[in-house]
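Me: Please take a close look at the salt bridges for me, then work outward to the rest of the chain. I'd like it as one connected story, with each term pinned down as you go.

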Amino acid sequence: MTRTMAARLRTLEVVFLVAIGGFAGANMRHVLSIVVPGLGGTFAANVLGCLALGFLVYEAELVGILAEKTGFVAATGFLSSFTTYSTFALEAVQSPTLTAVGYVGATYVCGFAAVLVGRRLARSLEGSA
């Protein structure tokens with residue numbers, strides 16, 4: 001089966017959209033790490049990322065105002081570069097035990113709560129679409 005030129009261009013477009021979002025997300029993550037260094041910056045990036053991803057996923061499922069291309073830029077590109085699981089894991093391992101336990105617990109609790117807040121925000125748009 002050969003791919004058509006349109007399919008190849010579509011794939012290239014998606015790659016480009018993800019790259020644009022990734023570039024912006026990585027730079028925003030770097031700025032955040034300067035403004036809020038260490039555990040606080042990583043915590044803020046991951047919780048804000050959970051909030052934004054919760055909103056984007058549920059907006060697409062419930063409302064659908066945002067275009068599919070917005071999802072490639074914002075969710076796949078931007079948020080995947082903005083949030084940082086690897087830094088979170090490294091900082092947790094390098095922290096004193098009690099700090100690590102609190103950090104991991106707070107990150108997961110606040111992350112799940114942020115997804116639920118994002119879902120609620122998306123649902124608030126449901127009737128207005």
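Reply: Let's start with what counts as a helix: helices are DSSP runs of H or I, at least four residues long, and strands are runs of E, at least two long, all numbered from the N terminus. This is a predicted model, where local features need pLDDT of at least 70 and side-chain atom pairs need 80 or more, while totals for chains, interfaces and linings use all residues. Residues are numbered from 1 along each chain as its sequence is written, and side-chain values use heavy atoms, leaving out hydrogens and water.

On that basis the chain has 5 helices and 0 strands, running α-α-α-α-α from the N terminus on. The C-alpha trace spans about 55 × 35 × 30 Å along its principal axes.

Now for the part you asked about. The structure holds 3 salt bridges (a side-chain nitrogen of Lys or Arg within 4 Å of a carboxyl oxygen of Asp or Glu). One of them pairs R10 with E13, with the closest N and O atoms 3.3 Å apart. R10 and E13 both sit in helix α1, and because they are 3 residues apart there, about one helical turn separates them. The general picture helps here: an α-helix has 3.6 residues a turn, so residues three or four places apart point the same way.

How open is this pair to solvent? R10 is partly exposed, at 30% relative accessibility, and E13 is partly exposed too, at 29% (buried is under 20% relative accessible area, exposed is over 50%, and partly exposed is in between, using a 1.4 Å probe and protein chains only).

R10 has another partner in E68, and their side chains meet in a salt bridge at 3.2 Å, N to O. With E68 in helix α3 and R10 in helix α1, this pair ties together parts that are 58 residues apart in sequence. E68 itself is exposed, with a relative accessible area of 55%.

E13 also reaches across to α3: K69 forms a salt bridge with E13, and their closest N and O atoms are 2.9 Å apart. That bridge links distant parts of the chain as well, with K69 in helix α3 and E13 in helix α1, 56 residues apart. K69 is partly exposed, at 40% relative accessibility. Put the shared partners together and you get one network made of R10, E13, E68 and K69.

Working outward along α3 (residues 68-82), you come to A74. Its C-alpha atom is 8.8 Å from that of A52, a residue 22 places away along the chain. Beyond its neighbours within four places in sequence, A74 is in contact with L56 and L79 (contact means heavy atoms within 4.5 Å).

Back in α1 (residues 5-35), have a look at R29. This arginine is buried yet has no salt bridge, and the nearest side chain of opposite charge, E91, is 5.3 Å away (Lys and Arg count as positive, Asp and Glu as negative, and His and the chain ends are not counted). What does R29 touch, then, leaving out residues up to four places away in sequence? The list is G41, T42, A45, S81, F82, T84 and T87. Elsewhere in α1 there's I34, which is exposed, with a relative accessible area of 55%.

E91 leads us into α4 (residues 85-94), where F88, E91 and A92 are buried. They sit on the same side of α4, because they cover an arc of only 100 degrees around the axis (the arc of the directions from the helix axis to the C-beta atoms). These buried residues pack against α2 (39-62) and α5 (97-126). Turn to the face of α4 that points away from its buried side and you'll find S86, V93 and Q94, which are exposed.

Finally, the whole chain: of its 129 residues, 25% count as buried. If you take contacts between residues at least 6 apart in sequence, 78% join residues at least 24 apart. The α1–α3 bridges fit that theme of reaching along the sequence, with E68 and R10 58 residues apart and K69 and E13 56 residues apart.
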